[in-house]
Structures are given as structure tokens and as C-alpha cells.
Amino acid sequence: MTTLTPKQILAAFKYRKSCRHYDPERKISQEDFNFILELGRLSPSSVGSEPWQFLVIQNPELRQAMKPFAWGMLNALDTASHIVVILAKKNARYDSEFLRESMVRRGVTDPEQIAATLEKYRNFQQTDIDILNSERSLFDWACRQTYIALANMMTGAAMAGIDSCPIEGFNYEAMNRLLAGQGLFDPAEWGVSVAVTFGYRTRDIADKNRKAAEEVVVWAE
């Protein structure tokens, strides 16, 4: 495995800036975009749940239909090479078939081992993070996992010289209604978490202004 230096990795983080203006003539190759999607797929998630799906919105008519409510990516709807809407799983309870399948994928197949794992998940969801009190709490937990995939996709894209921008600037009810209405997902099982645009910038983007390290890092020694 080729190891990148800390300097090379930091350079990619500094290069990655939220891109609002893409070159409509430059498209990401299929190979490169498959690489970006793979970064999302391989991302870690709480209890190995992988509670995500990635909708790649390339249909021009569908992009146009987003314009009345997707104010955060109006320019990108016409110019971004690729747009991804990330879905989060609904009702991913400890005792759901969805989480049981995730255990099987990871090799947990012995009945006693499954029972012990389910009990651990129950305690985790019920007591440790207290998310069994509502469907919204469970959905928010799944949404938090999708942001891990989102960050990995954007960082990996930056390392490959590809620009991106995370998007929450849209009406969520309208986005869910539009995409579910197109048969892209079952709204009883999935919901929109976040979107992200990808492409190549057409102009310089201002340098990042971030808080100083001493403002955000606390050492407990």
C-alpha cells in the first residue's frame, strides 16, 4: 500500500473548498466517480449498520424539477458533473431485519452470538444513546452515519483533484416527495439525509477561515 505523507493529506484538505460554480464542459470520468462512490461504500458506520444509499442524480429533467426548492445548489443543478443525494435508513432498530442482515454480512451467524449481539445493540440504542423513543431519533442516528460517508467522498475527491460541495440547502419534504415519486426509493424505508455535488471549479475559491486549534482542541491529560 502506498502511504501518503501528512503534508500531502493536509494539502488535499486545504484544496477542498465548497464549490458553487462548476465547469459544465468538464465531466468526471466513470472510473473516477466509481472511486468516489466506493469511498462512500467503504466508510465506517455505527455498529457496522451501513444505513445509506447513494442516489446519483444525472437526469436533466429531474435536476430541473429540483430547482423550485433546492436553493442551495441552483447553479450546480445545471453545471455539476455529478449530484448525489444520500439516503438514510428509517427504523434501523436493534431488532430489525436490516441490522440482522448487517450482522450476517460481518460473519455473525451463530444463534447464540446473534442473540448476544442483539442484546448489546438493544442496550446501546435504548440506554447508551437513547434513540428508541421515536422514529425521528432512529432516523437522525442513521443520518449521522451518512455524514461519515459524505466526508470520505469529498476528501477522497479532493485528493483526486475533484471539487465538491455538501448541500443541506433544500426543502426536505419536497426532495423526498420528488425522488420517492420517481420510484427511486421507498419512503417507508428511506429518507433524504444530505446531498453533495461534484465537478471541477471554474474560478478561484477563497481560502478557508477556520478557528485556531487552541479554540477547538481540548487535551485531557
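Which residue forms a salt bridge with D78? It is K67, and the closest N and O atoms of the two are 2.7 Å apart. That contact is a handy way into this predicted model, which holds 10 salt bridges, an open sheet of 4 strands and a largest pocket with a volume of about 260 Å³. Here is a short tour, starting with the sheet.

**The sheet**

- The 4 strands are arranged in the order β1-β2-β4-β3, with antiparallel pairing, and the sheet they form is open.
- β1 (52-56) and β3 stand at the edges with a single partner strand each, so each has one side left without a neighbour in the sheet.
- From one strand to the next, the twist averages 25 degrees.
- As background, strands of a sheet pair through backbone hydrogen bonds, in either a parallel or an antiparallel manner.

**Strand β3 and its partner**

- β3 covers residues 163-167, and 4 of its 5 residues are buried, which leaves the strand mostly covered.
- Its pairing with β4 (residues 190-199) is antiparallel and runs over 5 bridges.
- Two positions help you follow the register by eye: D163 stands opposite G199 in β4, and P166 stands opposite V196 in β4.

**Helices across the sheet**

- Helix α2 (residues 30-41) lies across β1, β2 (82-89) and β4, and its direction makes an angle of about 160 degrees with β1.
- Helix α8 (residues 172-181) also lies across β1, β2 and β4, running at about 90 degrees to β4.

**Salt bridges**

- Side chains of opposite charge can pair when their charged atoms come close.
- The opening pair, K67 and D78, is a salt bridge with 2.7 Å between the closest N and O atoms. It links distant parts of the chain, 11 residues apart: K67 sits in the loop between α3 (60-66) and α4 (74-79), while D78 belongs to helix α4.
- Are K67 and D78 buried, partly exposed or exposed? K67 counts as partly exposed, at 26% relative accessibility, and D78 also counts as partly exposed, at 45%.
- In helix α2, the side chains of E38 and R41 meet in a salt bridge at 2.6 Å, N to O. These two residues are 3 residues apart, about one turn of the helix.
- E38 is partly exposed, with a relative accessible area of 32%, and R41 is partly exposed as well, at 45%.
- In helix α8, E173 and R177 form a salt bridge through their side chains, at 3.6 Å from N to O. They lie 4 residues apart, about one turn of the helix.
- E173 has a relative accessible area of 58%, so it counts as exposed, the cut-off being over 50%. R177, at 53%, is exposed too.

**The largest pocket**

- The volume of the largest pocket is about 260 Å³.
- Which residues come closest to its centre? Of the 14 residues that line this pocket, they are K90, R136, F139, G191 and V192.
- The elements giving two or more residues to the lining are α7 (135-159), α8 and β4.
- α7 supplies the largest share of that lining, with 5 residues.
- Two of these elements have already appeared above: α8 is the helix that runs at about 90 degrees to β4, and β4 is the strand that pairs with β3.

Definitions and conventions: Residues are numbered from 1 along each chain as its sequence is written. This is a predicted model: local features need pLDDT of at least 70, side-chain atom pairs count only at pLDDT 80 or more; totals for chains, interfaces and linings use all residues. Side-chain values use heavy atoms; hydrogens and water are left out. Buried means under 20% relative accessible area, exposed over 50%, partly exposed in between (1.4 Å probe, protein chains only). Two strands pair if DSSP finds at least two bridges between them. Axes are lines fitted to C-alpha atoms, for helices over the stretch in contact, and angles run from 0 to 180 degrees between N-to-C directions. Contact means heavy atoms within 4.5 Å. A salt bridge is a side-chain nitrogen of Lys or Arg within 4 Å of a carboxyl oxygen of Asp or Glu. On a 1 Å grid over the protein atoms alone, a cavity is a set of points where a 1.4 Å probe fits but cannot get out, and a pocket is an open set with protein on both sides within 12 Å along at least five of seven lines; lining residues have an atom within 4 Å of a point. Grid points are joined across faces, edges and corners, and a volume is the space filled by probe spheres set on the points.
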